[in-house]
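Hi everyone, thanks for coming. Let's take a friendly walk through a structure that is new to you, so please have the viewer open.

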Amino acid sequence: MLSRRLFVAAAPLGLIAAPGILRAQSLFRTFPFALGIASGDPAPDGFVIWTRLAPDPLEAHGGMVMVPMEVTWDVASDDRFATIVANGTVVARPEMAHAVHVEVGGLQPNRPYWYRFSAGGERSFSGKARTLPAVGATVNRLKFGVVGCQNYEDGYFGAYNHLAREELDFVFHYGDYIYEYRGSPTRANYFGGGLQVPVRQHVGQMLYDVADYRRRYAQYKSDTDLQRAHAAHSFFPTFDDHEIENNWVAGVSGSRSPADAFELRRAAALQAWYEHMPVRKANMPRFGSGRFHRTARFGNLAEIQLLDTRSYRTDQPCDDGFKPLCDGVRDTNAQVLGAEQEAWLAKNLSGNQARWNCLAQQIMMMSLDRRRAANEDTRIANMDSWAAYEVPRQRMLARMSGLGNVVVLTGDEHQNFVGDLVHRDRLVGTEIVSTSISSGGDGSDLRAGSDQFMQFNPELKFVNDQRGYVVCEVTPDAWLSHIQVVDKVTTPTNSLKRRATAEIAHGVPGARMTGI
């Protein structure tokens, strides 16, 4: 299904030169769906389907003529498309990199559908999407994936090939879909110790304008393992920092570029993010701003709050990095979510009637001591996590108190962690930190100093330094998070195993680890 077929045809010169919409008689030189297809943001009555026309993905404009072009789409109730339940035509416009977002509605809840696109006489391969259960419907089972942090240079995306084979209702992507760094034959090692040779190399320089970001998405989306995962499952995409720049927050550049220059860069990056993600028009950024937090409701079983921990956050205290705690950590004016998003979340948590509350977000909520050696006598914290924002962190934990059903899903760390969330010596929830798809390279079962690290942090139940993803299985009585890890990412193929499972009983905060 993912093979690249080549189609050679000459477009009439009049069609190329004339304004208006190109139609089917203008054939592509190569397969126009080279970046794959995707579905996302499912609801009980439908979902978004996405593609981008890019016959030469890494060339200027993806190899497209800079005029609008019609794209037709079909949604069927069977994988052979014998019964078409919805179809239509949408225009792929050059202003949006010839990407299309179709918000399909009018479908039945809690069932699979299949979709495909056609343009210029070419047809995409098909994808599978699944609608959510009806709001309030009795549901006894939910199974979904948690993924993110996929640095192209650090390794292959073989974990996505395994994810595509899982039977899932959807996938939550916590962010770092692309990395903004320039391509280079060598670079500094993550953990020091000299130079590192990338497994694969980025095309181009550091990303700054919309053309840069579009080409980087095109490079990542050309990966066939990533395409398989998108074709197999609907995604709920969110973003973290590398979609724009490492450790940015709100209007503050991580590299301390001038605010007006960073505003332009952020606008370009978020436009490219929208162009390449299967999200709704309500999440379309305008001039670098937008509303990206939203809710997914899975019948009466679970309500998932998809958070944005970048757009409204105040600057990292203590000059960012992994540092000893400074006075800025206790700033009473500090924000992680911003006042509007925090009020929205508080209302949703207090009014939720579902069996489970889930916060799907980006940065670690546990306040861990990052020391890894017994002779280090000063507590170290990650200033790009909730630990550096103690006042809003305590407000968040207080809102979880007494609910007995809160699970926080996190990424960013390039490791697997399972731990307790504690407010005033009381367990209020469990945090599951999912490792990276490729960022950090092959890794190992444990990083050096992990035993000491666990002693410094008694709230931790589990830590692991391999690549992979998490699969969550949810019933009314239990939430299971399976830690799925691959043996390596430095080769295109790898093997998968279940490293451990975190078991959370409803009404009893805290996880019990099995299979270790």
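Here is a warm-up: which residue in strand 24 does Val146 stand opposite? Have a look before I tell you. It is Val470. One thing to keep in mind from the start is that this is a predicted model.

Now let's zoom out from that pair to the strands around it. Strand 9 covers residues 142–147 and strand 24 covers residues 468–474, and the two pair in the antiparallel sense, over five bridges. Both belong to an open sheet of ten strands. If you want to trace the sheet from one side to the other, the order is 5-2-1-13-10-9-24-25-26-27, with mixed pairing. What stands at the edges? Strand 5 (99–104) and strand 27 (508–514) do, and each has a single partner strand, so one side of each is left without a neighbour in the sheet. On average, and ignoring direction, neighbouring strands here are turned by 30° against each other.

Let's move on to the other sheet I want to show you. This one is open too, with eight strands in the order 14-15-17-19-21-20-23-22, and its pairing is again mixed. Its edges are strand 14 (294–298) and strand 22 (443–444); each of these has a single partner strand, so one side of each lacks a neighbour in the sheet. Within this sheet, please find strand 20 (residues 416–423) and strand 21 (residues 426–433), which pair in the antiparallel sense over seven bridges. Val422 has Leu427 in strand 21 as its bridge partner.

Two helices lie across strands of this sheet, so to speak our next stop. Helix 6 lies across strand 14, strand 15 and strand 17 (356–360), and runs at about 175° to strand 15. Helix 7 lies across strand 17, strand 19 (406–410), strand 20 and strand 21, and its angle to strand 20 is about 80°.

How do these two helices sit against each other? The axes of helix 6 (residues 339–351) and helix 7 (residues 390–400) come within 10 Å and cross at roughly 15°. That angle makes helix 6 roughly parallel to helix 7. The crossing is right-handed. On the helix 6 side, the contact is made by Glu342, Leu345, Ala346 and Leu349, and on the helix 7 side by Arg395, Met396 and Arg399. Sorted by class, that contact has four nonpolar, no polar and three charged residues.

While we are in this region, let me point out a salt bridge. The side chains of Arg310 and Asp384 meet at 2.7 Å, N to O. Arg310 is in the loop between strand 15 (302–306) and strand 16 (322–324), while Asp384 is in the loop between strand 18 (380–382) and helix 7, so the pair ties together parts that are 74 residues apart in sequence. The count of salt bridges comes to 31.

Two more helix pairs, and then I'm done. First, helix 2 (residues 158–165) and helix 4 (residues 224–232): their axes come within 7 Å and cross at roughly 20°. These two are therefore roughly parallel to each other, and their crossing is left-handed. Helix 2 brings Gly158, Tyr160, Asn161, Leu163 and Ala164 to the contact, and helix 4 brings Asp225, Leu226, Arg228, Ala229 and Ala232. Those residues divide into six nonpolar, two polar and two charged.

Finally, helix 3 (residues 210–221) and helix 5 (residues 259–276) pack at an angle of about 35°, with their axes 8 Å apart. Left-handed or right-handed crossing? For helix 3 and helix 5 it is right-handed. Among the residues making this contact are Tyr213 and Tyr217 of helix 3 and Trp273 of helix 5. By class, the contact of helix 3 with helix 5 has seven nonpolar, two polar and four charged residues.

Thanks for listening!

How values were computed. Residues numbered from 1 in each chain as written. Predicted model: local features only at pLDDT ≥ 70, side-chain atom pairs only at ≥ 80, totals over all residues. Heavy atoms only, no water. Pairing = 2+ DSSP bridges. Helix = DSSP H or I, 4+ residues; strand = E, 2+ residues; numbered from the N terminus. Axes fitted to C-alpha atoms, helices over the stretch in contact; angles between N-to-C directions. Parallel < 35°, antiparallel > 145°, perpendicular 65-115°, else oblique. Left-handed = near helix turned anticlockwise from the far one by under 90°. Contact = heavy atoms within 4.5 Å. Nonpolar A, V, L, I, M, F, W, Y, C, P; charged D, E, K, R; others polar. Salt bridge = Lys/Arg side-chain N within 4 Å of Asp/Glu carboxyl O.
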